[in-house]
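This report looks at buried charges, the sheet and the nonpolar cores of one chain. Please keep the sequence and the model at hand while reading.

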Amino acid sequence: MALKTILVCFTDEAGAESLAAAACALARRHDAHLIGLHTVESLMVYPGIAVNLPATVYETFGDAQVAQTASLKAVFDAHTSREEFVSEWRMIKSEADTGANKIVESARCVDIVLLAAAQEGADIPAQLRLIETVIRDAGRPVVTVPASFEGDTLGRSVLIGWNGTREAARAAHDALALLQDGDSAHILRVNDSPYDEMRDSVSTDLAATFARHGIQTTLVQRTWSHGSVADALNKEAFEAGVDMIAVGAYGHSRAYDLVIGGATRDLLKHAQVPVLFSR
């Protein structure tokens with residue numbers, strides 16, 4: 001199924017240029033309708049806090065939100081004005097809700113969502129909370145785009161992190177929707193002990209499914225001996241020269257991810273190419 005509606009969510013100026021470039025590359029390739037979205041947060045004053053905020057505080061906050069929206073729209077317009085696909089800009093006020101929940105509402109009506117990856121030097125915990133909320137709750141594939149992205153293509157050559165789980169299967173087939181005849185898929189199974197790939201019929205069946213779509217497909221087994229899964233995926237992505245990684249997200253419970261830390265959070269922090277997360 002081709003992509004026909006893409007949502008690109010701008011949260012701040014950091015990484016906005018690379019995010020817009022990635023969204024345009026995807027929309028251009030699929031001749032998709034591109035929606036640029038910015039959610040305007042409200043200034044929340046919680047009951048029980050004994051403080052009287054002067055009116056100037058609300059005015060200053062509101063002015064900053066208006067200026068940020070205008071700046072982000074200018075980036076979106078600069079990238080889309082020379083394109084032939086249809087694009088539109090939306091600004092939504094979160095009111096009493098959170099910006100993340102407003103993004104989730106819009107995300108549920110599109111084919112795929114793009115967000116900027118967490119940026120160094122900014123409020124990384126807040127960024128991660130927003131991205132994780134969208135991945136967990138939107139029910140749609142979410143692509144995070146690092147600020148270093150400078151490519152003019154996206155989704156032509158994909159590294160698929162494969163372990164046979166439900167989440168990995170969703171990611172593989174969401175990635176397949178991006179690929180076209182002649183594109184390439186590099187299926188990577190990372191194991192924690194030596195593995196006989198000839199006995200892995202599930203992985204070979206997945207590779208065969210991709211090949212039947214006209215995708216140039218390779219299947220690789222790697223033994224994971226040290227470092228994180230994110231390290232292994234980044235290394236393989238660099239060596240294979242792919243423009244995207246696709247993985248299943250949050251294969252464990254929320255408690256596991258909070259206490260142990262999962263591969264999803266590792267990739268959210270350290271991915272060097274755009275990553276498609278499916279759940």
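## Buried charges and their partners

Glu 132 is buried, with a relative accessible area of 11%, where buried means under 20% relative accessible area, exposed over 50% and partly exposed in between (1.4 Å probe, protein chains only). The structure is a predicted model, in which local features need pLDDT of at least 70 and side-chain atom pairs count only at pLDDT 80 or more, while totals for chains, interfaces and linings use all residues. Residues are numbered from 1 along each chain as its sequence is written, and side-chain values use heavy atoms, with hydrogens and water left out.

Glu 132 forms a salt bridge with Arg 265, a term that stands for a side-chain nitrogen of Lys or Arg within 4 Å of a carboxyl oxygen of Asp or Glu. Because Glu 132 lies in helix α4 and Arg 265 in helix α9 (residues 263–270), the pair ties together parts that are 133 residues apart in sequence; helices (H or I, at least four residues) and strands (E, at least two) are DSSP runs, numbered from the N terminus. A search of the whole structure finds nine salt bridges, including the three below.

| Salt bridge | Closest N and O atoms |
|---|---|
| Glu 132 and Arg 265 | 3.0 Å |
| Arg 29 and Asp 183 | 2.3 Å |
| Glu 239 and Lys 235 | 2.7 Å |

Arg 29, in helix α1, and Asp 183, in the loop between α5 (166–178) and β7 (184–191), are 154 residues apart. Arg 29 counts as buried at 15% relative accessibility, and Asp 183 counts as buried at 8%. Glu 239, by contrast, is partly exposed, with a relative accessible area of 48%, and it is separated from Lys 235 by about one helical turn, since the two are four residues apart in helix α7 (residues 229–240).

## Sheet and cores

An open sheet of 10 strands runs in the order β3-β2-β1-β4-β5-β10-β9-β6-β7-β8, with mixed pairing; two strands pair if DSSP finds at least two bridges between them. At the edges stand β3 (87–93) and β8 (216–223), each with a single partner strand, so one side of each is left without a neighbour in the sheet. Within the sheet, β4 (residues 112–116) and β5 (residues 142–145) pair in the parallel sense over four bridges, and Leu 114 stands opposite Val 143 in β5.

Leu 114 is also among the residues with the most contacts inside the largest nonpolar core, which has 45 residues; such a core is a set of buried Ala, Val, Leu, Ile, Met, Phe, Trp, Tyr and Cys residues joined through side-chain atoms within 4.5 Å. Helix α1 (residues 16–30) gives the most to this core, with nine residues.
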